[in-house]
Amino acid sequence: MILRFCTRTVVKMGMVKPCALVSSCHLMKPVSRTCVNGRCLTYQQALPTQPVPTLQHTCERYLILLEPFVEVDELKRTKQLVQEFLKPGGVGEKLQKGLEKKALNTDNWLADYMVQTDYLDNRLPVVAYSNISGSFPRMDFRDKQGQIRCAAKVIRAILDFKTMIDNETIPVDYLRGKPLCMNQYSQLLSSCRIPGLEMDSVVFHGKTSYPSRYITLAYNSQFFMVDVYNSDGTPLTVHQLCVQLERICSSSLETSTEPVGILTSLNRDSWSKCYDRLIQDKPNKEALSAIQRSICVVCLDKAMPQVPDDMYSRGNVLQMMHGGGSQWNSANRWFDKSVQFIIGEDGAFGNNVSHSCADGTIGMTLTDYVSASIKKLEIIESPTVPLPTPQKLHFNITADIKKAIEEAKQSIDKIVQDLDFSILSFSHYGKNFLKANKMSPDPFIQMAIQLAYYRVHRQHCASYEAASMRLFRQGRVGEIPSTSSASVAFVVAFNDPNKKNTEKVDLLRKAIEVHKWNTSMEISGQTVFGHFLGLQHQATEKNIPMPDIFTDASFDRVFDYRLATSQVQSKSGCLPCACPYQRKTYDICYTLLKDDMAFVLSAFKTNTENNSEELKKAVEDALLDMRTIL
């Protein structure tokens, strides 16, 4: 197995391709934000580059990670493979030297490989398998006028955030007192993923000579270019934006226009073939380019079927992730776009973000800013100034594209039927209680998740927690191994009625310390997963047969995850959401606050072994049971 990174796709062995370079045209460990004088990129060049761990250190940690999953004989055999890999002058040393050479000639060797393997090589649909989303509580309107007013405020807030990006005045992010790489903010807006046969690419238009002056508005599964700046370069006021949106809504009634946007929900190879046919036509090519270059997409959704208040959060999470299906809002999207903000006529609100363009914490910063801003922005009538009419984007649809649209409808409807979300709002305690009991909050939650999974499935599984690698220049994400010998010992002991609470607490503390150490290793660049990924790419690039250490059955036991987790903090009450990267995996996003916490769990129904609702209940029980031993 070629190691996927941050678990969004498994790539077939030997099929790693040279990295498609990105054109200029689940946790993140919580970060603090500090406003400093000067530019937010002041520290950028001073940031260290991503180090290449030593081969010896990585292999030693790999063997430790194997211990919970293999028997003595299998571990012994794997140790022999590791020793062979480490031989002086052997294949491991050769690959290591190649990786070290690459590290000298790039800002971040790991980010290059991760973006390629995790996203651009991934042939699964970006809907559910790659994109991430955020879901808010229902807004206080239930009509078209309220929807337009909210959307206008959202657009203006995005423009204000864009001004901070352009002026480099975004508060610097810090982790453990150290500044983080801020480069991803410049890639968040005016960016788009482009489908390609075998491998996609990403274009970033934010820093070009002619930056975008418009957003794309999606309404009734049609797309419009809306200029959002006055002739003097100032952003339109909220009132002016309302006027522009009302123009669209009053003129864009239901039509027979083919819903081209739904093609972006196809698997990447199918969408790539359609894309290549579309751009053969000049108007189509211009329309596609307009969407790609726009600042972002804002989607005005039609109201979804009414549900009881206690089911709204789950329904909104699903709407933000996939639109609800071909009969609802799934065609009112451009899933390749870096950022889509979604406002429903029934008060639904949230967003959908392309993970290939930016990480979850970056998207959440924008989301929190927009949420805070729309509460403050007022709609003040301004003097009437002639505004350019929003331009509808037109597509010429051939018979084969029409057929592909019908296939896309069926495809997205299958995803909608298959994907399941469960939400746990846990109000019994939060960070304050854990700190008062001298427990490190995040590792404590990780052990609760380990306990919950074991209780449901009666076995331990390979699992990880996502971590920010932005201490390094151009850093993206890493993987903290959550399952360890210490976590297994705690889980087994906790379920043993003959064990005393003092023993359970002692084992819990040991498991927490191991997780903290693994976290420190990962964010400091000592990454087992990333290192092996780089070595595998080196083997492919140099046409070297894949070393036995990577084809051994033990390798999959550690890296073929069944549980992917991430902590994404939100200041605005936004629920972070992600989906399993493969059908046999759970995904858990969670937010940990002072006195409460929230979990969003997802799974695919076609995998009958997994059940998000059952795991949700097990997480709640684990958290309550673990409180009793403190």
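**Notebook: strand β11 and residue Leu535**

I began with the pairing of strand β2 (residues 132-135), which is joined to β11 by four bridges, the two strands running antiparallel. I note that the model is a predicted one. For a single pair in this ladder I looked up Ser135, and its bridge partner in β11 is Gly350.

I then turned to the pairing of β11 with β10. Strand β10 (residues 339-344) pairs with β11 over five bridges, in the antiparallel sense. Here I found Phe341 opposite Asn351 of β11. β10 and β11 form a hairpin with four residues between the strands. In that hairpin I recorded a positive phi near 95° for Gly347.

Next I asked where β11 stands in the sheet as a whole. The sheet is open and has eight strands, in the order β12-β8-β7-β9-β10-β11-β2-β17, with mixed pairing. I noted β12 (391-392) and β17 (575-577) at the edges; each has a single partner strand, so one side of each is left without a neighbour in the sheet.

I checked what lies across these strands. Helix α6 (residues 144-167) lies across β7 (214-219), β9 (297-301), β10 and β11. I recorded its direction as about 155° to β10.

Is β11 buried or exposed? I found five of the five residues of β11 (residues 349-353) buried, so the strand is largely enclosed by the rest of the structure. I then separated the two faces, and both are covered. On one side I listed Phe349, Asn351 and Val353, and on the other Gly350 and Asn352, all of them buried. Asn351 is thus entered twice, as a buried residue and as the residue opposite Phe341.

My last entry concerns Leu535, which I located in helix α17 (residues 528-541). The relative accessible area of Leu535 is 0%, so I entered this residue as buried, the cut-off being under 20%. Which residues are in contact with Leu535, leaving aside its neighbours within four places in sequence? I listed Leu55, Phe85, Leu95, Gln96, Leu99 and Phe550. For Gln96 I also noted the separation: its C-alpha atom is 6.6 Å from that of Leu535, although the two residues are 439 residues apart along the chain.

Note on methods
Residues are numbered from 1 along each chain as its sequence is written. This is a predicted model: local features need pLDDT of at least 70, side-chain atom pairs count only at pLDDT 80 or more; totals for chains, interfaces and linings use all residues. Side-chain values use heavy atoms; hydrogens and water are left out. Buried means under 20% relative accessible area, exposed over 50%, partly exposed in between (1.4 Å probe, protein chains only). Two strands pair if DSSP finds at least two bridges between them. Contact means heavy atoms within 4.5 Å. Axes are lines fitted to C-alpha atoms, for helices over the stretch in contact, and angles run from 0 to 180 degrees between N-to-C directions.
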